[in-house]
Amino acid sequence: DGDNEDLSSVESTRELYDTMVNNLSLLPSGTKVTISGYPVISMKFSDRIMEGQNVSTLWAFVAVFVIASIVFLSPLKGLLVLVPVLSGIAFNIIFMYIANIPFDIITISFSSIAVGAGVDDAIHFSLRYRNYRKKYSGKGVRKAIYQTISVSGRPIILTTLSVVLGMSMLGFSSYTPVRYFGLLMAVTLIGCMISTLLFMPAITILFSRIKRFISKMRRY
């Protein structure tokens with residue numbers, strides 16, 4: 001790639017391909033052109049994989065929402081389980097933008113893995129919270145959340161850090177996409193952990209306040 005004086009990526013190949021296609025009109029009429037070669041084939045192959053990855057990730061979200069809604073008998077709790085997943089992916093996309101990491105076959109695959117990592121922490125937190133909510137039903141939501149974080153917080157943190165340390169070993173790879181993958185997975189796992197321990201309790205308290213407000217309005 002002459003612009004950044006580095007190896008050609010999928011994005012730089014696409015830019016070159018688009019430039020060539022847009023300037024085909026400058027050729028004499030009747031000229032037949034076939035654009036092929038390994039970079040073009042790789043670009044189209046990458047586009048198909050990314051399209052399939054996006055579809056599979058969307059279906060994974062739907063499946064997690066349906067299963068969580070059935071298990072917890074509430075669509076709101078099904079949405080709550082998705083919060084760490086969405087936060088982890090958002091953390092990663094922001095990091096990729098700041099670090100100028102391109103979307104390609106390797107880096108885009110973190111989204112489907114993030115679904116499994118985020119759901120694991122979210123369901124673990126939700127199940128603990130449901131048990132403590134029943135146990136401390138007369139002491140409010142904050143007491144149940146405090147006990148949930150006290151018991152589940154350490155296992156979630158230790159499990160996440162151990163996996164992050166394992167993924168960080170990929171950062172020493174000489175193959176750039178594998179190095180990016182390890183780095184992105186570490187960021188995703190940390191984002192899911194932070195979201196589970198910070199965002200989920202806050203949203204849970206918000207939901208409880210909205211529920212109490214609606215119940216009071218119905219009384220009047």
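Here is a walk through the structure, from the whole chain down to a handful of residues. Keep in mind that this is a predicted model.

Let's begin with the overall build. The protein chain has 6 helices and 0 strands, and reading along the sequence gives the pattern α-α-α-α-α-α. For the outline, picture a box of roughly 80 × 45 × 25 Å along the principal axes, which the C-alpha atoms of the protein chain fill. The radius of gyration is 23 Å, whereas a compact globule of 220 residues would come in near 17 Å. Of those 220 residues, 35% count as buried. The chain exposes about 14000 Å², with carbon and sulfur atoms supplying 66% of that area.

Two more whole-chain numbers are handy. Take the contacts between residues at least 6 apart in sequence: 70% of them join residues at least 24 apart. Then there are the charges. The protein chain carries 21 positive and 12 negative ones, and the mean positions of the two sets are 32 Å apart.

Now to the inside. The largest nonpolar core has 23 residues, and those with the most contacts inside it are Phe61, Val64, Val81, Val85, Val115, Val119 and Tyr129. Which helices feed this core with at least two residues each? They are helix H2 (38-72), helix H3 (75-99), H4, helix H5 (141-168) and helix H6 (176-219). H4 gives the largest share of this core, 7 residues. Apart from it lies another core, of 6 residues, including Ala117, Val164, Met185 and Leu189.

Val81 is a good place to zoom in, being one of the residues with the most contacts inside the largest core. Setting aside residues up to four places away in sequence, Val81 touches Val64, Ala68, Phe72, Val119, Ala122, Ile123 and Ser126.

That last partner, Ser126, deserves its own stop. Ser126 sits in helix H4, which spans residues 110-135. Is Ser126 buried or exposed? Its relative accessible area is 9%, so Ser126 counts as buried. Beyond residues up to four places away in sequence, Ser126 touches Phe72, Val81 and Met200.

Stay on helix H4 and you get to Arg130. Arg130 counts as partly exposed because its relative accessibility is 28%, in between the 20% and 50% cut-offs. Leaving aside neighbours within four places in sequence, Arg130 is in contact with Val71 and Phe72. Phe72 turns up for Ser126 as well. Arg130 also has a C-alpha 9.0 Å from that of Thr148, and the two are 18 residues apart in sequence.

Next, look at the loop between H2 and H3, where Leu73 is found. Its phi is near 55°, a positive value in a residue other than glycine. With 75% relative accessibility, Leu73 counts as exposed.

Helix H2 itself holds Trp59. What is the exposure of Trp59? Trp59 counts as exposed, because its relative accessibility is 59% and the exposed class is anything over 50%. Measuring across the fold in C-alpha terms, Trp59 and Ser112 are 9.9 Å apart in space, although 53 residues separate them in sequence.

Over in helix H6 there is Leu183, which is partly exposed at 39% relative accessibility. The C-alpha atoms of Leu183 and Gly171 are 6.3 Å apart, and the pair is 12 residues apart in sequence.

Finally, go back to the beginning of the chain. Tyr17 lies in helix H1, residues 10-22. At 22% relative accessible area, Tyr17 counts as partly exposed, since buried would need a value under 20%. Which residues are in contact with Tyr17, leaving aside its neighbours within four places in sequence? They are Ile35, Val40, Met43 and Lys44. For a sense of reach along the model, the C-alpha atoms of Tyr17 and Ser208 are separated by 54 Å, with the two positions 191 residues apart in chain numbering.

Definitions and conventions. Residues are numbered from 1 along each chain as its sequence is written. This is a predicted model: local features need pLDDT of at least 70, side-chain atom pairs count only at pLDDT 80 or more; totals for chains, interfaces and linings use all residues. Side-chain values use heavy atoms; hydrogens and water are left out. Helices (H or I, at least four residues) and strands (E, at least two) are DSSP runs, numbered from the N terminus. The radius of gyration is taken over C-alpha atoms; the globule rule is 2.2 Å times the number of residues to the power 0.38. Buried means under 20% relative accessible area, exposed over 50%, partly exposed in between (1.4 Å probe, protein chains only). Contact means heavy atoms within 4.5 Å. Accessible areas come from the Shrake-Rupley method with a 1.4 Å probe; for residues, only the protein chains shown count as cover. Lys and Arg count as positive and Asp and Glu as negative; His and the chain ends are not counted. The place of a charge is taken as NZ of Lys, CZ of Arg, CG of Asp or CD of Glu. A nonpolar core is a set of buried Ala, Val, Leu, Ile, Met, Phe, Trp, Tyr and Cys residues joined through side-chain atoms within 4.5 Å.
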